[in-house]
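Q: Hi! I have a structure open on my screen and would love to talk it through with you. Could you help me find my way around?

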Amino acid sequence: MKWFLYVFSFFLVAGDAGLVLYTEKMRQFANSLMTATNEKIIAIVAAVIGALLIASATSSHHPGFIILLGVISILKGIFIFFNPRGLYVPVRLWYLETATDQTFRLFGIIWLILGTAMFSWI
């Protein structure tokens, strides 16, 4: 499962470098992707990624961190799937439309660092 960690960390680094450098275009892309895709599919993808992260954690030098990311991803999938009190849409709208560019870049920087760390720990 080492291959999954390589692919996942590559997409984290590449995608989040785009968030930092091309904030407006990435925001538009994410907004069009999130609004065009059914919420249940997004939830299932998040949960599957989380399960794959947990399954591939033993291929890393820091499996506890990879397991933590997997659990967070599964919880995100559960949150989106069950959508308690209709909170998913306001959170999505805040992140994609209301949050400032600096906030969007901050998330990109955080995930860029995490993706780089994950890549170096494989």
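A: Happy to: what follows is a chat about this predicted model.

Q: Great, let's start inside. Which residues make up the largest nonpolar core?

A: There are ten of them: F4, L5, F8, L12, L53, A57, I66, L69, M118 and I122.

Q: And which helices each supply at least two residues of this core?

A: Those are α1, which spans 2-21, and α4, which spans 63-82. The top contributor is α1, with four residues.

Q: I see I122 in that list. What does I122 touch?

A: Setting aside residues up to four places away in sequence, I122 touches K2, L5, Y6, S9, S59 and H61.

Q: S9 caught my eye there. Where is S9, and is S9 buried or exposed?

A: S9 sits in helix α1. S9 counts as buried because its relative accessible area is 1%, under the 20% cut-off.

Q: What is the side chain of S9 doing?

A: A polar atom of the S9 side chain lies 2.8 Å from the backbone oxygen of L5. You may remember L5 as one of the core residues.

Q: Which residues is S9 in contact with, beyond its neighbours in sequence?

A: Leaving out those within four places, S9 is in contact with G115, M118, F119 and I122. Of these, M118 and I122 belong to the largest nonpolar core.

Q: Any other serine I should look at?

A: Try S60, in the loop between α3 and α4. S60 is buried, with a relative accessible area of 10%. Its side chain reaches the backbone nitrogen of H62 at 3.1 Å.

Q: What is S60 in contact with, apart from its sequence neighbours?

A: With those within four places left aside, the contacts of S60 are L5, I66 and W121. L5 and I66 are both in the core list.

Q: Let's go to the outside. Which residues form the nonpolar patch on the surface?

A: The patch is formed by I44, V48, I54, I67, V71, L75, I78, F81 and F82. Together they have about 770 Å² of accessible area.

Q: Which helix gives the most to the nonpolar patch?

A: That is α4, with six residues. Helices α3 (39-55) and α4 each supply at least two.

Q: Pick one for me. How accessible is I67?

A: I67 lies in helix α4 and has 37% relative accessibility, so I67 counts as partly exposed.

Q: Changing topic: how many salt bridges does the structure hold?

A: The structure holds one salt bridge. D101 pairs with R27, and the closest N and O atoms are 3.2 Å apart.

Q: Which parts of the chain does the pair link?

A: Distant ones: D101 is in helix α6 and R27 is in helix α2 (residues 23-36), with their positions 74 residues apart in the numbering.

Q: Are the two partners buried or exposed?

A: D101 is partly exposed at 29% relative accessibility, whereas R27 is buried at 6%.

Q: And where is L112?

A: L112 lies in helix α6, residues 101-120. L112 is partly exposed, as its relative accessible area is 24%. Not counting residues up to four places away in sequence, L112 touches V13, D16 and A17.

Q: How far apart are L112 and F8?

A: They are 104 residues apart in sequence and 12 Å apart in space, C-alpha to C-alpha.

Q: How about F65 and F29?

A: That pair is 36 residues apart in sequence and 29 Å apart in space, again C-alpha to C-alpha. F65 is found in helix α4 and is partly exposed at 23% relative accessibility. Beyond neighbours within four places in sequence, F65 is in contact with L114 and W121.

Q: Last one, on the backbone. What is the phi of N83?

A: N83 has a positive phi of about 45 degrees, although N83 is not a glycine. N83 is in the loop between α4 and α5 (88-98).

Q: And what is the phi of R85?

A: Phi of R85 is near 55 degrees, a positive value in a residue other than glycine. R85 is also in the loop between α4 and α5. With a relative accessible area of 80%, R85 is exposed.

Key
Residues numbered from 1 in each chain as written. Predicted model: local features only at pLDDT ≥ 70, side-chain atom pairs only at ≥ 80, totals over all residues. Heavy atoms only, no water. Core = buried A, V, L, I, M, F, W, Y, C linked by side-chain atoms within 4.5 Å. Buried < 20%, exposed > 50% of the residue type's maximum accessible area, 1.4 Å probe, protein only. Contact = heavy atoms within 4.5 Å. Patch = residues over 30% accessible without salt bridge, like charges linked within 9 Å, V, L, I, M, F, W, Y side chains within 5 Å. Areas by Shrake-Rupley, 256 points an atom, 1.4 Å probe, with all protein chains shown as cover. Salt bridge = Lys/Arg side-chain N within 4 Å of Asp/Glu carboxyl O. Polar contact = N/O pair within 3.5 Å; in protein donor to acceptor, adjacent residues only side chain to side chain.
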